[in-house]
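Me: Please explain the terms used to describe this structure, setting each value against its cut-off.

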Amino acid sequence: MQSAATVLGVLRERGKHRLPLEELYRQLFNPQLYLLAYGRIYSNKGAMTPGATEETADGMSMGKIGRIIDAMRHERYRFSPVRRVHIPKKNGKKRPLGLPTWTDKLVGEVVRLLLEAYYEPTFSDRSHGFRPGRGCHTALTEIADTWTATTWFIEADIRDCFGALDHNMMLGILAEDIRDNRFLRLVRNMLQAGYLEDWIWGVTLSGAPQGGVASPVLSNIYLDRLDKFVEQVLIPQYTRGESRKSNPAYNKLNGAVERARKRKDWETVRQLRKQRRRVPSGDPRDPDSDLRNRMRIMPVNWHFRNRLVPKSDEVRSGPTPYRRAGRIHHQVHHCRD
């Protein structure tokens, strides 16, 4: 039996080269993956929170893993409905949260490990939400390092991202790379397991449970199409223009600095350089720099909150990128809606 690290490493390499996956379902027979999944989620706060049953992480054993694998071998495993509760949002509204049973959490984590290993190398570098080693801080770092002299920030929030996920489209996206109907049926059963609210069962015709272990990676796979559309269609379509005209005031200060240097008037040079740092090198009133004539779009997203930035040219003066990133930090809301 291969180790979990070996299995995930092979999946990463196939993902990098966009090679299709066959017989992925067989990996669900590997107990090493369940042990790795258990090590990742047993210490979470929700591990002792019951779902539709009283089952929790307490009492976990190799025998339970063996029973799960036996059910997988005979395709008898069925996901239980999630227990739905409503938690308050900062805007006063409430968000539905699905609480799976412990066994479903464990199986969902194994599914997440397999999907993340394969699809993570294919995701956009400008995507920061629900990805290992990424988050709102890496998104802000990208803004500070790359989005210098940005003129416009356009924020787009995807409404009800988890709840509006189309099951058929999700499975169609997975089927393009995963040639294993058993695995796809398992994912379909997970998405359509339903929910219990006040002990009344409800059908899930769309969406992934917010609180489900595999829901974030499924949403990333789903929304990767949006990232690719922005990068491959919108950016080439709307990116145009090369550079601003130089600022006459900046050029005037440049000339004054040179004349002072020739006179060896170093005190004046120091004062003029200090004054020049407060003046933009590009002409802010350049009519050719209007958004309609010159624009560069640079997308970034974290936790399904996107920034599309029509980006002006880089200037050599003005507020530092980190100050600019700090000014927009209040829009991040700690990466939550």
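Reply: The model is a predicted one. A suitable starting point is Lys-252, which is found in helix α9 (residues 248-263).

Me: Why is Lys-252 called exposed?

Reply: The relative accessible area of Lys-252 is 64%. Exposed means over 50%, so Lys-252 is exposed. The C-alpha atom of Lys-252 is separated by 9.4 Å from that of Arg-276, a residue 24 residues apart from Lys-252 along the chain.

Me: Which residues of helix α2 are buried, and what makes them line one face of the helix?

Reply: In helix α2 (residues 31-41), the buried residues are Leu-33, Tyr-34, Ala-37 and Ile-41. Seen down the axis of α2, these fall within an arc of 100°, and therefore they line one face of the helix. In general, an α-helix has 3.6 residues a turn, so residues three or four places apart point the same way. The buried residues of α2 pack against α1 (4-16), α3 (62-73) and α4 (102-119).

Me: What caps the N-terminal end of α2?

Reply: Asn-30 caps that end, with a side-chain oxygen 2.9 Å from the backbone nitrogen of Gln-32. A polar contact requires N or O atoms within 3.5 Å, and the 2.9 Å of this pair satisfies that limit.

Me: Why are α4 and α7 called oblique to each other?

Reply: The axes of α4 and helix α7 (residues 181-191) cross at roughly 125° and come within 12 Å. Roughly perpendicular covers 65 to 115 degrees and roughly antiparallel begins over 145; the angle of roughly 125° falls in neither range, so the two helices are oblique. The crossing in which α4 passes α7 is left-handed. Val-111, Leu-114 and Leu-115 in α4 meet Phe-183, Leu-186 and Met-190 in α7.

How values were computed. Residues numbered from 1 in each chain as written. Predicted model: local features only at pLDDT ≥ 70, side-chain atom pairs only at ≥ 80, totals over all residues. Heavy atoms only, no water. Buried < 20%, exposed > 50% of the residue type's maximum accessible area, 1.4 Å probe, protein only. Helix = DSSP H or I, 4+ residues; strand = E, 2+ residues; numbered from the N terminus. Arc of directions from axis to C-beta. Contact = heavy atoms within 4.5 Å. Polar contact = N/O pair within 3.5 Å; in protein donor to acceptor, adjacent residues only side chain to side chain. Axes fitted to C-alpha atoms, helices over the stretch in contact; angles between N-to-C directions. Parallel < 35°, antiparallel > 145°, perpendicular 65-115°, else oblique. Left-handed = near helix turned anticlockwise from the far one by under 90°.
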